[in-house]
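Welcome! Keep the model at hand and work through these exercises one step at a time.

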Amino acid sequence: MSLSISIVAPASYTDPRTIDAALVALKTLGIEARIPTALQSPERYLAGNVTHRLEGLYAAYADPDTQAVWAVRGGYGCAQLIEHIDWARLSSAKPLIGYSDISVLLDQCYRQGLPAIHGPVMKEAALMQHDSQEQRHVAQRQIQELMGLLEGETPAAFTLKRYESGGASSQENNLEGPVVGGNLMTLACVAGTPVQFKAPPGALVILEDVGEPYYRLERALWQLVHSGAFDKAGAVCLGTFEGCSPYGDTSLETIFADVLHPLSLPLFSGLPIGHGLHNRPWRYGTQGRIANGHLELRG
């Protein structure tokens, strides 16, 4: 594999030492990560002011020698950019890669007809040098799978399971639609704004999060449900909710099913997607099919 990718910082500031470690790891896989001299110009916890971050985005898309645009990290800041983006300056040939706070940009790229990939951020390549052999192995495999997507490979199916509450029907166990979604808190925070998340008809919506107690997750989900985010969705699929504090013995699936009940949406869980050890990449907006305990992606 030999790829050249433009690195951008549209959200929070990243320690340069982490970026350097990620660069070293990527070189072992034959990946050239192009980082501009002025990648970051720190302002509070952000990688720069809106103008600085936008100019970095435009420069990355304008580089004729790179095949993708890769966010160095998430955190916070992407929503600030949306109303200022000149979409004509973003090439339709390059996918934007990232997750977490980058979910907002992925969704907007999809709406603009631009390619996007929900997957590990660039700084997570540094995990290929982790003390844990398992972490190193998983990180490398996921980066390689991400590069495979860039080269046109079709990802392997994801295993998931249907949540069944008392009296729930299984008739919707064969579903098809565009796969969208991302970080629950990030999407909830733009509800009611011009860039609010709205699942397209029949969409299979993937949600994940990190470090949030269950009551905050319920609050965010309630916000999305009652803002109409899932009115046309076909299903909700849960990824990982790493470090999210439970309430008693109530499962997260039970809470989600309760909040989603008015919409009669089938609920699935167990996807290896999110802030946990596993964060397998997928093309945002690609057609997906849920059948026989698997989420199959067409591209």
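**Exercise 1.** Which backbone nitrogen does a side-chain oxygen of S132 reach at the start of α5?

Before solving, note that this is a predicted model, where local features need pLDDT of at least 70 and side-chain atom pairs count only at pLDDT 80 or more, while totals for chains, interfaces and linings use all residues. Residues are numbered from 1 along each chain as its sequence is written, and side-chain values use heavy atoms, with hydrogens and water left out.

*Solution.* Go to the start of α5: the S132 oxygen comes to within 3.3 Å of the backbone nitrogen of E134. Helices are DSSP runs of H or I with at least four residues, strands are runs of E with at least two, and both are numbered from the N terminus.

**Exercise 2.** Work out why the span of helix α5 agrees with expectation.

*Solution.* The expected span is 1.5 Å times one less than the number of residues. Helix α5 holds 18 residues (133-150), so it should span 26 Å, and its end C-alpha atoms are indeed 26 Å apart. Just after α5, G152 has a positive phi of about 95 degrees.

**Exercise 3.** Trace the open sheet and name its edge strands.

*Solution.* Follow the six strands in the order β2-β1-β3-β4-β5-β12; their pairing is mixed. The edges are β2 (31-34) and β12 (282-283), each pairing on one side only. Strands pair if DSSP finds at least two bridges between them. Now look inside: β3 (residues 68-71) and β4 (residues 96-98) run parallel, paired over two bridges. W70 has I97 in β4 as its bridge partner.

How values were computed: Polar contact = N/O pair within 3.5 Å; in protein donor to acceptor, adjacent residues only side chain to side chain.
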